[in-house]
Amino acid sequence: MERPTVAVTMGDPAGVGAEVVVEAYPALCDAATPLVVGDADVMRAAVEICEADLAVEAVDSPTAASADPTTVPVIDLDNVDAAALEYGEVREDYGAASLEYVERAIELATDGAVDAIATAPINKQATRCAGSTYAGHTGMLADYTDTDEYAMMLVEGLGEAADGSVDADLIVTHVSTHVPLTEACNKVCRGRVRTTIDVTHEGLRDLGIEEPTIAVAGLNPHASDGGILGIAEGSEIEPAVDDARADELDVYGPESPDTVFAQAAGGAYDCVVAMYHDQGHIPIKMLGFASDDAVSGVNVTVGLPIVRTSVDHGTAFDIAGEGVASEKSMVDAVEVAARIARNRAGRDARAPDESPAPDAGSD
């Protein structure tokens, strides 16, 4: 697979999604054949805001996308009044429109019409106004693809080392994400930790790390200091790690949460399994938000039957419509989506043929 087709959802029409897609579009064509799923008139408005030298073309099928860096192909759902668009506003109709882009992209991916999805940000308040009960893209994607075992992986600074191996500044997955902290603590159980380890392992292989080394963070300070500061490490996390090691996965922990992320960033591990949202997000965003206004980083949903990545920032309503949002995370998201699609296709091509041998007595 030389150039995967990546469906790029436009995100909330009132946010910066359309603008970051426009700014990123020529670079996206270097890594993939991008296809926007959104509203063509909103995309044209974004082209004007960004003063970009691009045309926008409404298309009916992914086959019409051609990686032409001068023309943005859009599967046009035509569900927004672009002439009256109110940037930075939380609205039910904008939330409903952004959900329709995701639904259509999932349909294209599950039908095999595109090789991957990269999503621009949606607004959780707007989607809630529109009747959605999902806390974000991740749960929605899992539900629509009938996936029970999945996790959010954040990737910062993915590239290649001097020896050609895959390298990253930091990669983190999460046992839980968008739930209250008290609920997050209750979700730290042996089975859930083990499931997160397993989907993390496969997600790292999707990135091209064939034999990954994974650290598992503790829940409590200093990973409980031998049970003095909590019991989850001994009763839940350590047994899950032992189970994974028994299945020959290269896994370590529970490691002290206040040091393990720095150790991973220094190269000791390929990834850290965090126990809850902020434990994993804070170190990633310390790296991704450190370089002026160019927010980087990619969100990957691991465990899905389809490939899905996302930008690692929100709708940025405070700057929407101004043409100043950074496109860096969108470029990263599409590059990682294309990488995963190519790696999965390569693995599938190398897999042994498991079809039964023909009967020697038949012709």
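This briefing walks through the pockets of the structure above and then its overall fold. The model is a predicted one, so please read every value here as computed from it. Its largest pocket has a volume of about 900 Å³, and the second largest comes to about 260 Å³. Both domain 1 and domain 2 contribute to the lining of the largest pocket, and both also contribute to that of the second largest.

**The largest pocket**

- A total of 43 residues line the largest pocket, and those nearest its centre are Gly136, Thr138, Met152, Thr177 and His178.
- If you like to sort a site by chemistry, its lining holds 20 polar, 14 nonpolar and nine charged residues.
- Helices α4 (124–129), α5 (137–144), α7 (190–207) and α10 (277–288) are among the elements that each supply at least two lining residues.
- Strands β6 (151–156) and β14 (308–311) likewise give at least two residues each to this lining.
- The top contributor is α7, with four residues.
- Where does the largest pocket sit relative to the domains? It lies between them, because domain 1 (1–147 + 304–348) and domain 2 (150–301) both give residues to its lining.

**The second largest pocket**

- Here the lining is made of 17 residues, with Leu158, Asp332, Glu335, Val336 and Arg339 nearest the centre.
- By class, this lining divides into six charged, six nonpolar and five polar residues.
- Two elements to look at are β6 and α11 (328–350), each of which supplies at least two residues of the lining.
- Which element gives the most to this lining? That is α11, with seven residues.
- The second largest pocket also lies between domain 1 (1–147 + 304–348) and domain 2 (150–301), since both of these domains give residues to its lining.

**The chain around the pockets**

- The protein chain contains eleven helices and 14 strands.
- Along the principal axes, its C-alpha trace spans about 65 × 60 × 45 Å.
- A compact globule of 363 residues would have a radius of gyration near 21 Å, and the chain agrees with this, because its own value is 21 Å.
- Of the 363 residues, 52% count as buried.
- Taking contacts with a separation of 6 or more, 74% are between residues 24 or more positions apart.

Conventions: Residues are numbered from 1 along each chain as its sequence is written. This is a predicted model: local features need pLDDT of at least 70, side-chain atom pairs count only at pLDDT 80 or more; totals for chains, interfaces and linings use all residues. Side-chain values use heavy atoms; hydrogens and water are left out. On a 1 Å grid over the protein atoms alone, a cavity is a set of points where a 1.4 Å probe fits but cannot get out, and a pocket is an open set with protein on both sides within 12 Å along at least five of seven lines; lining residues have an atom within 4 Å of a point. Grid points are joined across faces, edges and corners, and a volume is the space filled by probe spheres set on the points. Ala, Val, Leu, Ile, Met, Phe, Trp, Tyr, Cys and Pro count as nonpolar, Asp, Glu, Lys and Arg as charged, and the others, Gly among them, as polar. Domain bounds come from an automatic or database domain assignment. The radius of gyration is taken over C-alpha atoms; the globule rule is 2.2 Å times the number of residues to the power 0.38. Buried means under 20% relative accessible area, exposed over 50%, partly exposed in between (1.4 Å probe, protein chains only). Contact means heavy atoms within 4.5 Å.
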